[in-house]
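I opened the notebook to look up where the protein meets the DNA and where its pockets are. Entries follow in the order I made them.

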Number of protein chains: 2
Amino acid sequence: MRADARKNREHLLAVAGAAISEQGVEVSLRDIARRADVGLATLLRHFPTREALLDALLRTGFDELTARAEELETSEAPGDALVAWLRDCVGWTTEYRGATVLMAAAIEDAESALHASCVTLRAAGARLLTRAQAAGVARGDLDGADLFALVAMLAWLGDQPSLTPRADHLFDVVATALLTDEGSG
Amino acid sequence: MRADARKNREHLLAVAGAAISEQGVEVSLRDIARRADVGLATLLRHFPTREALLDALLRTGFDELTARAEELETSEAPGDALVAWLRDCVGWTTEYRGATVLMAAAIEDAESALHASCVTLRAAGARLLTRAQAAGVARGDLDGADLFALVAMLAWLGDQPSLTPRADHLFDVVATALLTDEGSG
DNA sequence: ACCTGAACACCGTTCAAGT
DNA sequence: ACCTGAACACCGTTCAAGT
């Protein structure tokens with residue numbers, strides 16, 4: 001990549017990150033280009049879709065969450081590790097209002113730029129869940145896809161200003177339900 | 001209202017209902033007007049905002065759910081009544097993909113055309129919850145706003161095609177958590 | 001009273017023309 | 001290689017002009 005292109009790309013990512021944290025992931029791409037003093041077509045050239053732009057922005061977070069899952073797998077008790085990781089996932093998405101909907105769409109759309117990251121994240125969660133189930137501290141009738149859906153719906157609460165005040169409490173309610181051994185076996 | 005105006009209004013509601021059940025609540029208003037063989041400005045004259053249109057469409061369902069809550073309050077055991085009503089609420093929204101987001105926004109926006117209906121619905125749920133708590137069969141650390149948020153997040157799963165297969169199962173997980181007596185008192 | 005076409009300011013997509 | 005203005009087909013809003 002040419003030097004000016006790389007500079008544009010990095011500047012666009014910085015501006016997009018700021019714009020999204022202010023207005024959410026549905027912010028106008030034209031606005032981002034304007035704020036970056038770049039043509040809209042240039043933004044589209046670097047990131048052909050909104051998902052591609054979001055993927056570039058979220059990748060660091062995705063990688064950190066995956067690494068965090070691996071770390072928790074060895075350092076914490078199975079139940080605590082699972083809940084701690086879920087909390088990290090839900091908390092992380094608060095920086096990217098609206099991203100949950102795009103992630104939910106991406107998990108089953110192999111064409112989406114976000115697909116691979118979402119699948120990796122789901123797999124990391126599934127490993128923590130399986131470990132907790134093997135230890136007999138988590139419901140046995142859930143799998144990685146259920147866990148992904150649970151994280152998504154709890155994260156979604158953080159996207160809705162009117163529901164956000166309840167999000168922490170409802171997280172605990174759901175986490176408690178997860179750690180019951182009902183349905184196991 | 002003039003006869004032709006009433007006819008337009010009713011026809012628009014029928015067309016809008018069909019369009020929304022096909023494409024969700026974010027369907028283009030221009031499309032609805034086109035399909036109703038009416039000018040876009042006429043649609044906006046009858047329903048000045050998307051929320052106003054949606055409110056007219058959802059009002060029947062809102063009223064039925066409120067009546068259903070009152071009926072369940074006398075006919076069923078407190079815990080069963082609560083869960084049955086939650087199931088009805090979540091199931092009802094599947095006809096209106098995307099409505100959950102608008103309802104979540106409306107519950108705290110007194111200017112929204114949907115506000116009054118949402119508040120009424122929340123109050124109906126709160127009564128069922130209080131009754132179940134008094135009978136000692138529901139968690140005591142939840143209120144009507146928590147319940148509204150729980151319904152919203154479970155209904156939201158039905159809006160996301162990739163998560164919908166898990167919705168019924170996760171409803172049961174959450175319902176079980178609700179009926180635990182942990183946190184009561 | 002009620003309806004509507006047209007103008008408006010947006011949006012994301014595409015591409016020929018520039019450097 | 002990389003960038004961009006301009007044209008395109010959309011969107012919801014507004015309003016003067018029609019019946």
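**Entry 1: DNA strand C, phosphate contacts**

The model is predicted. I began with His46(B), where a polar side-chain atom lies 3.3 Å from a phosphate oxygen of DNA strand C. I then looked up Gly39(B). Here a polar backbone atom is 3.1 Å from a phosphate oxygen of DNA strand C.

**Entry 2: DNA strand C, the base contact and the surroundings**

Which part of DNA strand C does a polar side-chain atom of Arg30(A) lie 2.4 Å from? I found a base nitrogen at that distance.

I listed the 19 residues around DNA strand C, and the nearest are Arg30(A), Arg50(A), Arg2(B), Asn8(B) and Thr42(B). Of the atoms of DNA strand C within 4 Å of the protein, 55% belong to sugar and phosphate.

Next I asked which elements supply the surface near DNA strand C. Chain A supplies at least two residues from each of α2 (29-35) and α3 (40-46). Chain B does so from each of α1 (3-23) and α3 (40-46). α3(B) gives the most, with four residues. By class I noted eight nonpolar, five polar and six charged residues on the surface near DNA strand C.

**Entry 3: DNA strand D**

I turned to the other strand. There are 19 residues around DNA strand D, and Asn8(A), Thr42(A), Ser28(B), Arg30(B) and Arg50(B) come nearest. Sugar and phosphate make up 55% of the atoms of DNA strand D that come within 4 Å of the protein.

I checked Arg30(B). One of its polar side-chain atoms lies 2.4 Å from a base nitrogen of DNA strand D. I also noted two backbone contacts. Gly39(A) has a backbone N or O atom 3.1 Å from a phosphate oxygen of DNA strand D. Leu29(B) has a polar backbone atom 3.0 Å from a phosphate oxygen of DNA strand D.

Which helix gives the most to the surface near DNA strand D? I found α3(A), with four residues. The elements that each supply at least two residues there are α1 (3-23) and α3 of chain A, with α2 (29-35) and α3 of chain B. The class count for the surface near DNA strand D is eight nonpolar, five polar and six charged.

**Entry 4: the record for chain A**

I looked up the annotation. UniProt lists residues 6-65 of chain A as "domain: HTH tetR-type", in an unreviewed entry. In the model, residues 6-65 of chain A are 80% helix and 0% strand. The end C-alpha atoms of this stretch are 26 Å apart.

**Entry 5: chain A as a whole**

I counted nine helices and zero strands in chain A. From the N terminus on, every entry in the order of elements is α. The C-alpha trace of chain A spans about 55 × 35 × 30 Å along its principal axes. Chain A has 185 residues, and 48% of them are buried.

**Entry 6: the largest pocket**

How much space lies in the largest pocket? I read about 480 Å³. Its lining has 21 residues, and those closest to the centre are Glu26(A), Val101(A), Glu26(B), Val101(B) and Trp156(B). I traced the lining to its elements. α8 (144-159) of chain A, and α6 (99-106) and α8 (144-159) of chain B, each supply at least two residues. By class, the lining of the largest pocket has seven nonpolar, eight polar and six charged residues.

**Entry 7: the second largest pocket**

I read a volume of about 180 Å³ for the second largest pocket. Its lining includes Arg87(A), Val90(A), Leu154(A), Asp168(A) and Phe171(A). α5 (78-93), α8 and α9 (164-179) of chain A each supply at least two of the lining residues. I noted six nonpolar, four polar and two charged residues in the lining of the second largest pocket.

**Entry 8: Thr100(A)**

I ended on a single residue. Thr100(A) sits in helix α6 (residues 99-106) of chain A. Is Thr100(A) buried or exposed? Its relative accessible area is 5%. The cut-off for buried is under 20%, so Thr100(A) counts as buried. The side chain of Thr100(A) makes a polar contact with the side chain of Asp159(A), at 3.3 Å.

Terms used
Residues numbered from 1 in each chain as written. Chains lettered and ligands numbered in written order. Predicted model: local features only at pLDDT ≥ 70, side-chain atom pairs only at ≥ 80, totals over all residues. Heavy atoms only, no water. Near = heavy atom within 4 Å. Polar contact = N/O pair within 3.5 Å; in protein donor to acceptor, adjacent residues only side chain to side chain. Nonpolar A, V, L, I, M, F, W, Y, C, P; charged D, E, K, R; others polar. 1 Å grid on protein atoms, 1.4 Å probe; cavity = no way out; pocket = protein on both sides within 12 Å on 5 of 7 lines; lining within 4 Å. Points joined across faces, edges and corners; volume = space filled by probe spheres on them. UniProt positions renumbered as here; feature names shortened; annotations may be inferred. Buried < 20%, exposed > 50% of the residue type's maximum accessible area, 1.4 Å probe, protein only.
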